[in-house]
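Student: Got a minute to go through this one with me? I'd like to start with what the burial words mean.

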Amino acid sequence: MQKRQQGISLVGLVLVLALLGMLLVLGLKIVPTYTEYRAIQNAIVTAKAAGGSVADIQKSFDASATASYISSINGRDLIIEKVNNETEISFAYEKKIPLVGPASLLLEYEGSTAKGGAKPAKE
């Protein structure tokens, strides 16, 4: 009575490792854009807390952006509105990550200081 061997073949192992490698590279390209998005979220909360005029809010955001290495947007890209006598700041931007050849990944980020998380008006 022969015992049948079980396990993964060498070709299967190479394919699995190649797939895992591609996922790892993709993750390494996406994580920095997400950390920048979180830094932008924190910067608009800080800018809102600083208060003042629209120009003051933009300057506060730009100062936070410089300290947090934010390069995707600046203070002029923010949408600053008065809603129910409260200043609300929102933003929206896209990040394009080149993959292989003509293929790329497009990430759309948006956020707001509004309690309901209202989406910013797209231009």
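Tutor: Sure. A residue is called exposed when its relative accessible area is over 50%, buried when that area is under 20%, and partly exposed in between. Keep in mind that this is a predicted model.

Student: OK, so try it on Pro98: buried or exposed?

Tutor: Pro98 has a relative accessible area of 57%. The cut-off for exposed is over 50%, so Pro98 counts as exposed.

Student: And where does Pro98 sit?

Tutor: Pro98 is in strand β2, and that strand covers 86-98.

Student: Which residues does Pro98 touch, leaving out those up to four places away in sequence?

Tutor: Lys29, Ala103 and Ser104. Ala103 aside, you can place the others: Lys29 falls within α1 (10-50), and Ser104 falls within β3 (104-112).

Student: How far is Pro98 from Glu81 in space?

Tutor: C-alpha to C-alpha, 34 Å, with their positions 17 residues apart in sequence.

Student: Let's zoom out. What's the order of helices and strands?

Tutor: The chain runs α-α-β-β-β, which is two helices and three strands.

Student: What about overall dimensions?

Tutor: The C-alpha trace spans about 85 × 30 × 25 Å along its principal axes. The radius of gyration is 22 Å, while a compact globule of 123 residues would be near 14 Å.

Student: How much of the chain is buried?

Tutor: 28% of the 123 residues count as buried. The accessible surface is about 9,100 Å², and carbon and sulfur atoms hold 59% of that.

Student: What share of the contacts joins residues at least 24 apart?

Tutor: 46%, counting contacts between residues at least 6 apart in sequence.

Student: Switching to the core. How many residues are in the largest nonpolar one?

Tutor: It has 18 residues, and the ones with the most contacts inside it are Ile40, Phe61, Ile73, Leu78, Phe91 and Tyr93. The elements giving two or more residues to this core are α1, α2 (54-67), β2 and β3.

Student: Which element gives the most?

Tutor: α1, with six residues.

Student: Why would nonpolar side chains sit together like that?

Tutor: As a general tendency, nonpolar side chains in soluble globular proteins are buried together.

Student: Anything polar that's tucked away? Take Ser64: buried or exposed?

Tutor: Ser64, in helix α2, has a relative accessible area of 16%. The limit for buried is under 20%, so Ser64 is buried.

Student: What does Ser64 touch, apart from residues up to four places away?

Tutor: Ala43 and Thr46. Both positions lie in the α1 range, 10-50.

Student: Now backbone angles. Which residues other than glycine have a positive phi?

Tutor: Asn84 is one, with a phi of about 55°, and Asn85 is another, with a phi near 60°.

Student: Where is Asn84?

Tutor: Asn84 is in the loop between β1 (79-83) and β2, and Asn85 is in the loop between β1 and β2 as well.

Student: And why are they called exposed?

Tutor: Because Asn84 has 75% relative accessibility and Asn85 has a relative accessible area of 77%, with the cut-off being over 50%.

Student: Last one: how many charged side chains, positive and negative?

Tutor: 13 positive and 11 negative, and the centres of the two sets are 12 Å apart.

Technical notes
Residues are numbered from 1 along each chain as its sequence is written. This is a predicted model: local features need pLDDT of at least 70, side-chain atom pairs count only at pLDDT 80 or more; totals for chains, interfaces and linings use all residues. Side-chain values use heavy atoms; hydrogens and water are left out. Helices (H or I, at least four residues) and strands (E, at least two) are DSSP runs, numbered from the N terminus. The radius of gyration is taken over C-alpha atoms; the globule rule is 2.2 Å times the number of residues to the power 0.38. Buried means under 20% relative accessible area, exposed over 50%, partly exposed in between (1.4 Å probe, protein chains only). Contact means heavy atoms within 4.5 Å. Accessible areas come from the Shrake-Rupley method with a 1.4 Å probe; for residues, only the protein chains shown count as cover. Lys and Arg count as positive and Asp and Glu as negative; His and the chain ends are not counted. The place of a charge is taken as NZ of Lys, CZ of Arg, CG of Asp or CD of Glu. A nonpolar core is a set of buried Ala, Val, Leu, Ile, Met, Phe, Trp, Tyr and Cys residues joined through side-chain atoms within 4.5 Å.
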